[in-house]
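Take a look at the sequence and the model shown here. We'll walk through them together, one part at a time.

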Amino acid sequence: MFKTILTRINQGYRTIKYPDGPAPPLPVRFRGRPKIHDSKCDSACTKCMDVCPTSALSKVDGKLQLDMGVCLFCGKCTAACPNEALEFTRDHRLACARREELIITGDSKEPVYTPQRELPAFFNKSFKMRQVSAAGCNACEADCNVLTTVGWDIGRFGLQFVASPRHSDGLAITGPVSENMRSALLTTYEAVPHPKLVLLVGSCAISGGVFKDHPETHNGAENLLPIDLYIPGCPPHPLTILDGLLKIIQRIK
C-alpha cells in the first residue's frame, strides 16, 4: 500500500489545466476547423468534391462550402486541391448549437457559441449525461470515455456520464442510429427527466457519416430528437468534445 501511495505522490498532478490554462498539445496529424480560401478556388474545379467520401463538399454560386456535420476530416480534399484553397487548421473549437453553423464557407467567422434556448442555470454546477451508442464504431465512444480519466477529469466541472437516463440531464449520442437502435434511443430519451438536453458527438450521430443514406440507418439523430449541441468529427478529439461540454455549462463561449 505504501508503494502505491509513494508512486502516486511521485506522479504529481496530471490533470490538464484547460480551460484555466493552456490546452494540451494536439497530435501532429490533428485536423481542426476547416478554412476555405475563395480567392484560390477555381469555380470550375471539382477535384476536392470528387474525392470526398461523404459528399461533404459542394459549391453554391460557384463558391465552395464544407459541411462539418458530414465531413470525416480525412484530408483527401486538401490533397486533391491543386490551389490549396482548402485547409484544416489546428483550431479544435468545432462544437455548435445550430446545424447551419456547421457549414463552412469562405466568409465563415470565428466560432461563437450561442445556445438555441436559455439553458437552466443549475446545469452550470452539475450536468450528468447518459451516453447512447446508437450503432457507433466505438471511436467517438472511446474519446468520450477518455474525458473521465485522470488526465482530463471532467468531474471537476460537475460533468459526469451516468448509467441510468433517470439520473441524467441529457443524452450524448454517438453512431448513425440504426433501425435496431431507434426505439431504444427514443425510449432512453423519454426516460430522461425534464429539462433535458441532447448532444450529438461525431459525424455519424449528426448526419450518418460513412453510413449516410444507408437503408438501415436514420442518418443520425437530428430527425428524431431536438438537438442542443453538435460536436463534429470522425471521431472528434477529446479536446473538441470537452470544448462543447464546457460551452453547455457556460464555462467558455
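Glutamate 179 and arginine 182 sit three residues apart in helix α5, so about one helical turn separates them. This is a predicted model, in which local features need pLDDT of at least 70 and side-chain atom pairs count only at pLDDT 80 or more, while totals for chains, interfaces and linings use all residues. Residues are numbered from 1 along each chain as its sequence is written, and side-chain values use heavy atoms, with hydrogens and water left out. Helices (H or I, at least four residues) and strands (E, at least two) are DSSP runs, numbered from the N terminus.

Back to that pair in α5: glutamate 179 forms a salt bridge with arginine 182, and their closest N and O atoms are 3.8 Å apart. A salt bridge here means a side-chain nitrogen of Lys or Arg within 4 Å of a carboxyl oxygen of Asp or Glu. The spacing suits a helix: an α-helix has 3.6 residues a turn, so residues three or four places apart point the same way. Glutamate 179 counts as partly exposed, at 36% relative accessibility, and so does arginine 182, at 29%. (Buried is under 20% relative accessible area, exposed is over 50%, and partly exposed is in between, using a 1.4 Å probe and protein chains only.)

How many salt bridges does a search of the whole structure find? It turns up nine. One joins the side chains of arginine 251 and aspartate 20, at 3.3 Å from N to O. This pair links distant parts of the chain: arginine 251 is in the segment after α7, aspartate 20 is in the loop between α1 and β1, and they are 231 residues apart. Aspartate 20 is exposed at 69% relative accessibility, whereas arginine 251 is partly exposed at 36%.

Another salt bridge brings together the side chains of glutamate 110 and arginine 93, 2.8 Å from N to O. Glutamate 110 lies in the loop between β5 and β6 and arginine 93 in the loop between β4 and β5, so the pair ties together parts that are 17 residues apart in sequence. Glutamate 110 is exposed, with 56% relative accessibility, while arginine 93 is partly exposed, with 29%. There's also a network of salt bridges, which links Asp67, Arg99 and Glu222.

Now let's go inside. The largest nonpolar core has 34 residues, and those with the most contacts inside it are Leu57, Leu66, Met68, Leu171, Ile173, Leu185 and Leu200. A nonpolar core is a set of buried Ala, Val, Leu, Ile, Met, Phe, Trp, Tyr and Cys residues joined through side-chain atoms within 4.5 Å. The elements giving two or more residues to this core are β3, β4, β8, α5, β9 and α6, so our starting helix, α5, is one of them. For a closer view, pick isoleucine 173: leaving out residues up to four places away in sequence, it touches Leu185, Leu200 and Ala221, among others. Contact means heavy atoms within 4.5 Å. Apart from this core lies another, of 32 residues, including Cys140, Cys144, Leu239 and Leu246.

Is α7 mostly covered or mostly open? It's mostly covered, with 11 of its 11 residues buried. Among them are Pro238, Asp243 and Lys247. The buried residues of α7 pack against β6, α4, β7, β9 and β10. Just after the helix, glutamine 250 takes a positive phi of about 60°.

On the outside, Met1, Phe2, Ile5 and Ile9 make a nonpolar surface patch of about 550 Å². Patches are made of residues with over 30% relative accessible area and no salt bridge, with like charges joined within 9 Å and nonpolar side chains (Val, Leu, Ile, Met, Phe, Trp, Tyr) within 5 Å. Isoleucine 9 lies in helix α1 and is exposed, with a relative accessible area of 59%.

Finally, step back to the protein chain as a whole. Its secondary structure comes to seven helices and 10 strands. The radius of gyration, taken over C-alpha atoms, is 19 Å. The globule rule (2.2 Å times the number of residues to the power 0.38) gives 18 Å for 253 residues, a close match, so the chain is as compact as a globular protein of that length. Of those 253 residues, 48% count as buried.

Technical notes: Areas by Shrake-Rupley, 256 points an atom, 1.4 Å probe, with all protein chains shown as cover.
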